[in-house]
Amino acid sequence: VADNMMYKAKKSGKNCIALPSEGEMAEMFKKASDKVLMIISALEENRIIPYFQPIIDTASGEAVIHELLMRLQVGDRIVAANEFIEEAEAMGLAHKMDYQLIEKAFAQINEQGYRGMLFVNLSPKALIVGEFMNRIHKLVIDYAIEPSRIVFEITERETVSNLTLLEKFVADLKFRGFSFAIDDFGSGYSSFHYIKRFPVDYIKVEGEFIRNMLTDSEYRAFAKSIVTLAKELHIKTVAEYVENEPILDEVRQFGIDYAQGYHIGRPAPLLITGKNP
């Protein structure tokens, strides 16, 4: 309700207070219950589908990594995660959706004979589900996928306040042979603390820095400092939000290892191999 009223206040010219009418309250609850039904039915009817966004090696231009993204099939429509993920987490169903998504992705990797790596986003809530790593480990065995090809990434903005819990989780996934990445690196105040405390294999440079590095000297300096630090610590870097050729050229000049963004490729239902068109 507060979120909806914030947008109502903004549309009214900002600097004001907005209160919901009875009709607006009814509409908001209807939309919320529609999303709940959509999530539950998609989970029960096995309609959670994997999409994959390519990530290229900046030196070779080859698509050597894909990021796994969640979509829902709703009739003829494909629904992106930003339309339902908050509700799914609030309902406590996000980790169940993750299992279904990851199993389907592993099955597709097997079917397509894909030999590259896969980045998998994790909600911090996955850390408190005791069986999460055991179930994922069973899936890599069932589908004959080397754990070293799977990279679990946690967004820095959402990392849990209980660092001891995160530390145990990361130690467990590393022990099982998986890799670990921090997404949106540089977006918060804890970036450097995380790479000091955890065995990080990859960092994804905050997309805002990359998108604006050609026009904003401060963003450029932030990006450069992150890349310099990563090189010193032997951590691989990924540039997000690579949206045109000049940015890709600059990313290469910076020595960033991998690039991801709409210029590289949009999320799609198939894994691609070979050189970026």
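Leaving aside neighbours within four places in sequence, which residues is Phe-152 in contact with? In this predicted model, the contacts of Phe-152 are Val-120, Leu-122, Phe-132, Met-133, Ile-136, Leu-173, Phe-178, Ser-179, Phe-180 and Ala-181. Phe-152 also belongs to the largest nonpolar core, a set of 70 residues in which Phe-106 and Phe-152 have the most contacts. Helix α4, which spans residues 94-112, gives this core its largest share, namely seven residues. Apart from that core lies another one, made of nine residues, and among them are Ile-55, Ile-65, Phe-119 and Tyr-202. In soluble globular proteins, nonpolar side chains tend to be buried together.

From these cores one can step back to the chain as a whole. The chain holds ten helices and nine strands, and buried residues make up 45% of its 277 residues. A compact globule with 277 residues would have a radius of gyration near 19 Å, and the chain, with 20 Å, agrees with that expectation. Taken along the principal axes, the box filled by the C-alpha atoms is roughly 60 × 50 × 40 Å. Among the contacts with a separation of 6 or more, 67% are between residues 24 or more positions apart.

The surface and the charges can be described in a similar way. About 14500 Å² of the chain is exposed, and carbon and sulfur atoms supply 53% of that area. The chain carries 32 positive and 40 negative side chains, and the centres of these two sets lie 1 Å apart.

A pair of neighbouring positions shows how distant parts of the sequence meet. Asp-57 lies in strand β1, whereas Thr-58 is found in the loop between β1 (48-57) and β2 (63-74). With a relative accessible area of 22%, Asp-57 counts as partly exposed, because the buried class ends at 20%. Thr-58, in contrast, has a relative accessible area of 8% and is therefore buried. Not counting residues up to four places away in sequence, Thr-58 touches Val-251, Arg-252, Ile-256, Asp-257, Tyr-258 and Ala-259. Under a like exclusion of sequence neighbours, Asp-57 is in contact with Glu-62, Val-64, Asp-257 and Tyr-258, so that Asp-257 and Tyr-258 appear in the contacts of Asp-57 and in those of Thr-58. Asp-57 and Gln-260 are 203 residues apart along the chain, yet their C-alpha atoms are separated by 9.4 Å.

Gly-13 offers a contrasting case. This glycine is found in the loop between α1 (2-11) and α2 (22-44), and at 55% relative accessibility it counts as exposed, because the exposed class begins over 50%. Gly-13 and Val-140 are 127 residues apart in sequence and, from C-alpha to C-alpha, 53 Å apart in space.

Finally, two residues deserve a look for their backbone angles. Asp-184 has a phi near 55°, a positive value in a residue other than glycine, and His-234 likewise has a positive phi, near 60°. Asp-184 is found in strand β6, which covers residues 179-185, and with a relative accessible area of 10% it is buried. His-234 is found in the loop between α9 (217-232) and β8 (236-239), where it is exposed, with a relative accessible area of 73%.

Methods:
Residues are numbered from 1 along each chain as its sequence is written. This is a predicted model: local features need pLDDT of at least 70, side-chain atom pairs count only at pLDDT 80 or more; totals for chains, interfaces and linings use all residues. Side-chain values use heavy atoms; hydrogens and water are left out. Helices (H or I, at least four residues) and strands (E, at least two) are DSSP runs, numbered from the N terminus. The radius of gyration is taken over C-alpha atoms; the globule rule is 2.2 Å times the number of residues to the power 0.38. Buried means under 20% relative accessible area, exposed over 50%, partly exposed in between (1.4 Å probe, protein chains only). Contact means heavy atoms within 4.5 Å. Accessible areas come from the Shrake-Rupley method with a 1.4 Å probe; for residues, only the protein chains shown count as cover. Lys and Arg count as positive and Asp and Glu as negative; His and the chain ends are not counted. The place of a charge is taken as NZ of Lys, CZ of Arg, CG of Asp or CD of Glu. A nonpolar core is a set of buried Ala, Val, Leu, Ile, Met, Phe, Trp, Tyr and Cys residues joined through side-chain atoms within 4.5 Å.
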